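Thank you for giving me a few minutes this morning. I would like to walk you through one structure, and I will go slowly so that we can look at each place together.

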Amino acid sequence: MNMKNNVKKDSKKSFWIWLHQNRIKVVLLAFLVIVPITLVLTAYIGAYTNNQKVHFDTEVTETTKYIKDFTDIDEIDAFELFIVWQELKNPVESEVEGETILTGGFYKFNIFYTPKENYTVNSVNVTAVLKTPWTDVRYIAAPAPLSPTVRSVQVNFNHDLPLKPLWFVEVTDPVLYLKLEYTFMAAGNPLTKIAYIEFPLEDLNPNVVIPNN
């Protein structure tokens, strides 16, 4: 037992002697390994968190509100919302004023709502945004009214997909974000609310893909 304890003590002593003798090399090695890893993690975390929020203004102003918390589509109080990805048209290259740009791409959604029992819905207006995760690619449509019958909402989208903003990150589809401003009757008085919906498209397919002729 004493011999084993002496071996352990000698090993620990030798390690600390080696560490002291090579402390500069150890610090340099740690710097060369830890700093790049920290920078990479910072880049990934920053890209992810900064692009997990969205706004619904045409242009950013001092009053622009960024949304990062969204209501589940099944948890809207006054009505049930239905969204169908109806059409996709990929953009094509066009010459505009001597510059080659992408034009003509869009996503079209059929959207309607059904009032829930005991709710009288007066109006629902929607603002739709398509935005890619991990990047700041973003397109917005003009506000439009919804109804219990199908309404087509089109959002132009003139970027080639997939995008590869970082190593090991591939963005194949944007996310559809909706701002719903609706008015319904409550205790005989109209009440207006706003709900924000996040509707990922990555596991969905459009009913129609319009070919580029």
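Before I place a residue in a loop between two strands, I should say what a strand is here: helices, with at least four residues, and strands, with at least two, are DSSP runs, and they are numbered from the N terminus. Please also keep in mind that what you see is a predicted model.

With that in hand, let us turn to Trp 134, which is found in the loop between β5 and β6, the latter being residues 138–140. Its phi is near 70 degrees, which is a positive value in a residue other than glycine. Is Trp 134 buried, exposed or partly exposed? Its relative accessible area is 22%, and because buried means under 20% and exposed means over 50%, Trp 134 counts as partly exposed.

Trp 134 also brings us to the largest pocket, whose volume is about 240 Å³. There are 15 residues that line this pocket, and the closest to its centre are Pro 133, Trp 134, Asp 173, Val 175 and Glu 202. If you ask which elements give two or more residues to the lining, they are β10 (169–171), β11 and β12 (189–200).

Two of those elements, β11 and β12, run antiparallel and are joined by 12 bridges. Val 175, which I have just named among the residues closest to the pocket centre, stands opposite Pro 200 in β12. β11 and β12 form a hairpin with 2 residues between the strands, and in this hairpin Ala 187 takes a positive phi near 55 degrees.

There is another hairpin to look at, made by β2 and β3, which has 2 residues between the strands and, in the turn, Glu 97 with a positive phi of about 55 degrees. Strand β2 covers residues 92–96 and strand β3 covers residues 99–103, and 5 bridges join the two in the antiparallel sense. Within this pairing, Val 96 stands opposite Glu 99 in β3.

Next comes a sheet. In which order do its strands lie? The sheet is open and has 4 strands in the order β8-β4-β1-β13, with mixed pairing. Its edge strands, β8 and β13 (208–210), each pair on one side only. Neighbouring strands of this sheet are turned by 30 degrees against each other on average, if direction is ignored. For the pair β1 and β13, the sense is parallel, over 3 bridges, and here Glu 87 stands opposite Val 208 in β13.

Now I would like to move to the aromatic rings, of which a search of the whole structure finds 12 pairs. Take Phe 70 and Tyr 177, whose pair is tilted, with 5.2 Å centre to centre and 35 degrees between the planes. Why can we say that this pair ties together parts that are far along the chain from one another, namely 107 residues apart in sequence? Phe 70 lies in the loop between α2 (23–50) and β1 (79–89), whereas Tyr 177 is in strand β11 (residues 175–186), so the pair links these two parts. The partners can be described by accessibility as well: Phe 70 is partly exposed at 21%, while Tyr 177 is buried at 3%.

A further pair is formed by Tyr 107 and Phe 157, and it is edge-to-face, with 5.5 Å centre to centre and 75 degrees between the planes. Tyr 107 lies in strand β4 (residues 106–115) and Phe 157 in the loop between β8 (151–156) and β9 (163–166), so this pair ties together parts that are 50 residues apart in sequence. Tyr 107 is buried, with a relative accessible area of 4%, and Phe 157 is buried as well, at 2%.

Ring pairs also link Phe 79, Tyr 113, Tyr 119, Tyr 182 and Phe 184 into a cluster. A charge meets a ring elsewhere: the charged end of Lys 53 sits over the ring of Tyr 66, 5.3 Å from its centre.

I will end with two places in the backbone. The loop between β8 and β9 holds Pro 162, and a cis peptide bond, with omega of about 5 degrees, joins Leu 161 to Pro 162. In the loop between β4 and β5 (121–131) lies Asn 118, which has a positive phi of about 70 degrees although it is not a glycine. Asn 118 is exposed, with a relative accessible area of 74%.

Key:
Residues numbered from 1 in each chain as written. Predicted model: local features only at pLDDT ≥ 70, side-chain atom pairs only at ≥ 80, totals over all residues. Heavy atoms only, no water. Phe/Tyr/Trp six-rings, centres within 6.5 Å; stacked < 30°, edge-to-face > 60°. Buried < 20%, exposed > 50% of the residue type's maximum accessible area, 1.4 Å probe, protein only. Lys NZ or Arg CZ within 6 Å of the ring centre and 35° of its normal. Pairing = 2+ DSSP bridges. Axes fitted to C-alpha atoms, helices over the stretch in contact; angles between N-to-C directions. 1 Å grid on protein atoms, 1.4 Å probe; cavity = no way out; pocket = protein on both sides within 12 Å on 5 of 7 lines; lining within 4 Å. Points joined across faces, edges and corners; volume = space filled by probe spheres on them.
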